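Reader: I would like to read this model feature by feature. Please give me the general idea each time, then the case at hand.

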Amino acid sequence: MREKSVFYHPSARHRHLGARPSRCRWCLGPERMRIVSLLPSLTEIVAALGLGDSIVGLTHSCDYPREAVEGKAIVTSSEISPYSMSQAEIHSIVCGALANGHSLYGLDAQRIEAADPDIILTQAL
């Protein structure tokens, strides 16, 4: 078995296994990072920081800023549609999900994996 090359990053924060530092996404800078954002407000913050081009995956709720979200992979889904459901229907689904310990949103693991993110931005509830 061939040994992998190990390159130590000058900052000593991470090391490179089998790849030269010149190809490391972290070494190339944040503009080369691949980001999945699972919260619309975080998508806006990433875009405001000038990293909109680094976004590779979003939630179904992310719609702003347009130039940062257009053409990006949607990696979540929801049974709730405020455009086609009444408030009573939405209330029923939300209460049922909470009572049963279910999430209101689904993650598409295959799409997230295909997006090949370096970082996934989310929040705990």
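Author: Start with the surface. Accessible areas here come from the Shrake-Rupley method with a 1.4 Å probe. This is a predicted model. The accessible surface of its chain comes to about 9,300 Å². Carbon and sulfur atoms hold 52% of that area.

Reader: What share of the 125 residues counts as buried?

Author: Buried means under 20% relative accessible area. By that cut-off, 26% of the 125 residues are buried.

Reader: How many helices and strands are in the chain?

Author: The chain has five helices and eight strands. Along the sequence they follow the pattern β-β-α-β-α-β-α-β-β-α-β-α-β.

Reader: On to the sheet. In what order do its four strands lie, and is the pairing parallel or antiparallel?

Author: The general idea comes first. Strands of a sheet pair through backbone hydrogen bonds, either parallel or antiparallel. In this model, four strands form an open sheet in the order β5-β4-β3-β8, with parallel pairing. Its edge strands are β5 (73-74) and β8 (119-121), each of which pairs on one side only.

Reader: How many bridges join β3 to β8?

Author: Three bridges join β8 to strand β3, which covers residues 35-37. These two strands run parallel. Ser37 stands opposite Leu121 of β8.

Reader: Next, the interior. Which residues form the largest nonpolar core?

Author: In soluble globular proteins, nonpolar side chains tend to be buried together. The largest nonpolar core in this model has ten residues. They are Met33, Ile35, Val46, Leu51, Ile55, Leu58, Cys62, Ala68, Val69 and Leu121. The elements giving two or more residues to this core are β4 and α3. There is also a second, separate core of six residues, including Val36, Leu38, Val56 and Ile112.

Reader: What does Val46 touch?

Author: Leave out residues up to four places away in sequence. Val46 then touches Ile35, Leu51, Gly52, Ile55 and Leu121.

Reader: Helix α2 spans residues 40-48. Are Leu42 and Thr43 buried or partly exposed?

Author: Both residues have their place in α2. Leu42 counts as partly exposed because its relative accessibility is 22%. Thr43 counts as buried because its value is 0%.

Reader: Which residues do they contact?

Author: Sequence neighbours within four places are again set aside. Leu42 is in contact with Ser37, Leu121 and Thr122. Thr43 touches Ser37, Ile55, Leu58, Cys62, Tyr64 and Val69.

Reader: How should I read links between residues far apart in sequence?

Author: Set the sequence separation beside the distance in space. Leu42 and Gln123 are 81 residues apart in sequence, and their C-alpha atoms are 9.5 Å apart. Ala109 and Val75 are 34 residues apart along the chain, with 7.5 Å between their C-alpha atoms. Ala109 has its place in helix α5. It counts as exposed because its relative accessibility is 56%. For the chain as a whole, take the contacts with a separation of 6 or more: residues 24 or more positions apart account for 35% of them.

Reader: How many disulfides are there?

Author: A disulfide is a covalent bond between the sulfur atoms of two cysteines. A search of the whole structure finds zero. Cys62 is buried, with a relative accessible area of 9%. Cys95 is partly exposed, at 36%.

Reader: What span does helix α4 reach?

Author: Compare the end-to-end distance with the one expected from the rise per residue. Helix α4 takes in residues 87-100, 14 residues in total. From first C-alpha to last it reaches 20 Å, close to the 20 Å expected at 1.5 Å a residue. Gly101, just after α4, takes a positive phi of about 70 degrees.

Reader: Which residue has a positive phi although it is not a glycine?

Author: That is Asp116, with a phi of about 50 degrees. Asp116 lies in the loop between α5 (109-115) and β8. It counts as partly exposed, at 38% relative accessibility.

Reader: One last backbone check. Is the peptide bond from Tyr64 to Pro65 cis or trans?

Author: Read omega. For the bond from Tyr64 to Pro65 it is near -10 degrees, and the bond is cis. Pro65 lies in the loop between β4 (55-58) and α3 (66-69).

Note on methods:
Residues are numbered from 1 along each chain as its sequence is written. This is a predicted model: local features need pLDDT of at least 70, side-chain atom pairs count only at pLDDT 80 or more; totals for chains, interfaces and linings use all residues. Side-chain values use heavy atoms; hydrogens and water are left out. The expected span of a helix is 1.5 Å times one less than its number of residues. Two strands pair if DSSP finds at least two bridges between them. Buried means under 20% relative accessible area, exposed over 50%, partly exposed in between (1.4 Å probe, protein chains only). Contact means heavy atoms within 4.5 Å. A nonpolar core is a set of buried Ala, Val, Leu, Ile, Met, Phe, Trp, Tyr and Cys residues joined through side-chain atoms within 4.5 Å. A disulfide is a pair of cysteine sulfur atoms within 2.5 Å.
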